[in-house]
Amino acid sequence: MEKWLIQSIWIAVFGFLKEFRPEDPYITQYLTNPPMNFTNEEVIQEIFPVSTYTCLGLTIVMFLITDYLRYKPIVILNALSSFIVQIFLIFTRTKTDMKIMEVFYGTMSACEVAYYTYVYSKVDKKYYKTVSSHMKMACLIGRLVSALLAQTLIDNHILTVPHLNHLTLAGATVSIFWALGLPSIKSSLYFHQSSEHTYIRDSTDVNVSKPKTVCQRLWSDFITAFTNRYVLQWSIWWALGTCFYYQCMSYSQSLWQEIYRNGTDLQVTDNGMIEAIYTIISTLGVYLVGIVTIPSWWLVGVLTLGQGILLLIMAQDTLLSHAYVGYIMFGTFYHIMATAANCEVAKNIPADSYALVFGVNTFMSLLLQTCLTVVVNSPIGLMLDIRTQTINDKTIEILKGNRPSRAATKRQSSLKRQNRLLSLFTIVKFDNEPCYSSSGDSGICMTSTECYQNRGVPIGSCANSYGVCCLSLSTCGQTIRENGTYFVNAGYPDGLNNTGTCQVTVHKLSPYICQFRLDFERFSITGPEPVNHQCDNDQFIVSGSNPVPVICGLNTGSHMYVDAGTGTSPIILTMVTSGIFLKRNWKIKVSQIPCDSITKADTGCLQYYTGVSGTLKSFNYESSSGLHLSNQDYTICLRTERNFCSVQYSACDDQMNNRSHAFTLTGNTLGQNPVQANVGSVGSSPCNSDYLIIPCVSSKQGPVASGMNTCVDRLCGGTLNTDYTTIPTTVMSSVRPFRLSFHTNSVEMPNDMGNRGFCLNYIQQPCNANYA
């Protein structure tokens, strides 16, 4: 095998390893779901742009260091940066950590110059076209293998999205060792020149005297390359094409998430499959570039125009399949033309000065991308939503929101803003109505000035882009008066690690408000002590309303309904934290429910569920280590859906333990053997300490306990059943309205140990159902 081919394959293997990133097709899903839980706006407006700014700042510096260190150390730095990125993704959780991660991601991107220029210093110019194809194909094959592997593992439920980061970490680790084994380069263009150097002027090789200083050599090669019209033409396209390609690739997943949330034809979990298809087609295109004549300029122009049309279509389409096809075509067009540009430029400049041209072109593309990011994405720019960003210069906005009830207080905002399509200035008025971000957060449509004055955070646009959807956040010592305001910890979204009390006061929006709904979108504070399950350390307290039990621990995804009363007195939400050994994090949405709203809960219900089916959990239920809370006494209600007359309950699946802990209320459930069910009627033993009341509940599969009638009222023990057994079953009640009451006392030890509470799946049954 020829030496140049061995060298080309060696560096190409590194290209494969550095692009082996199975988590990439799912990075936005990972960041916007547990355990990360960032909003879509935080990801696209605060986290992702950091890598762009970092790469811009490092590109020129990295080019000079690449030449000074003779390529190989920067290739190693590329692999190390990838390794550090994965460490941050796996082991850190805060927004600040993610921004630091993006700094290393930007560093990794800036080091690409070493990969794409290393091989040109090792092979003859006549092989540039072939090795350019090899390098690009290696990267695309790496993306293909990782995408196929990720999709296969996700579809077969072998790994979850967070676990893909570990596979990427493994690939980064191998790439470090492979980079260490790359052959060293003995000379470079500027700092370690060989004895002779050849320059190209006017497309003709002419030997000229070597400039004396590094700056002189840099300037000489810059002039030589960019006074060549052919090189300049390809470089301009290269910079523009790369800018829009990376901008599109960076935010395409956010667009897919937006389309998916609004309802579409495919699952967003198909990202890996789409990445694989895109990579196969792109690899084939890149391979063809290596063996056929470079397309003419008019064809390149047609493909570039096609990319613009694809972006416009994707920005407005509501079908995920169309967005996927557009993504595949857009990326394929770019890779074909980028490979053509790479080899055409490399053939028409001095052998070693490709790094300079690559660095300049990359810098210009990053400069354009940074300007685009600042204008459309940053707080000092337009902060456009993801669809509007995709088409960039068009103002297309999809308004989402609920029509306010007659009890809601209406206001109007007016502002003077430049109208891009009509006259220079237009006075615009719009109602302060509810609006929603792509991630589901709710806000109020208002001017950007009003949002700032209300200590809000813009999460999107509204009113045809004349207003902003303002997310109102309130923290310690503040007052909540707006519907949809979030009560968050001090320093949110970073965790809180101190001892103290954080309290907000909630006032009614109008006299017609009957209830407050508290949605625990994030709720992670210290759990109960393990002996009697008392919330002795951290506590969440609701005061000024009907009695609400004190809770603590992990309650993300749960909710409460709180009676607003008939007067004007506010309610007070208090979070008490004790100790500095845990970073607490909470984000509680406070919704105000009008008296005539269909979402108003029945009287006396602390929790209220709608729909034919769903899942009920006691507070702080967690299958691996949660403990049910002491001193609980509240009612859970299910709205009786039309034409449904009964409801059945079954214990949730428990994949964390060797036996189910989805219903453990009394007894010692720490052992290996299950604890049998206990049952009783109201006022009877043995269910008189911790129990769940389901009126007249019976088993679908078997009898009730001996001595009882056709049904029982109280369930306890460590197994869901209406008989004294350790075999769980499905139970059913036909008493309407559908209600469950949960009671725990203040003592656990020594009789009760390790009880987690309950997690029940419910399904309402139609009135004509045959249970026989």
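**Exercise 1.** Which handedness does the link of C687 and C716 have, with -80° about the S-S bond?

*Solution.* The model you are looking at is predicted. Start with the sulfur atoms: those of C687 and C716 are 2.0 Å apart and form a disulfide, since a pair within 2.5 Å counts as one. Next, take the angle: at -80° about the S-S bond, this link is left-handed. Now place the two ends. C687 sits in the loop between β22 (677–680) and β23 (691–699), while C716 belongs to strand β24 (residues 712–717), so the bond ties together parts 29 residues apart in sequence. Finally, check burial: C687 has 0% relative accessibility and counts as buried, and C716 is buried too, at 1%.

**Exercise 2.** Find which parts the disulfide of C652 and C759 ties together.

*Solution.* First confirm the bond: the two sulfur atoms of C652 and C759 lie 2.1 Å apart. Then locate the cysteines. C652 is in the loop between β20 (644–651) and β21 (663–664), and C759 is in strand β27 (residues 757–766), so the linked parts are 107 residues apart in sequence.

**Exercise 3.** Work out why C111 has no bond to C55.

*Solution.* Look at the distance: C55 holds the cysteine sulfur closest to that of C111, yet the gap is 8.9 Å, which is too far for a bond. C111 is nonetheless buried, at 1% relative accessibility.

**Exercise 4.** Decide where the buried residues of α8 sit around its axis.

*Solution.* List them first: among them are L164, L169, A172 and I176. The buried residues cover an arc of only 160° around the axis, so they lie on the same side of α8.

Technical notes:
Residues numbered from 1 in each chain as written. Predicted model: local features only at pLDDT ≥ 70, side-chain atom pairs only at ≥ 80, totals over all residues. Heavy atoms only, no water. Buried < 20%, exposed > 50% of the residue type's maximum accessible area, 1.4 Å probe, protein only. Helix = DSSP H or I, 4+ residues; strand = E, 2+ residues; numbered from the N terminus. Arc of directions from axis to C-beta.
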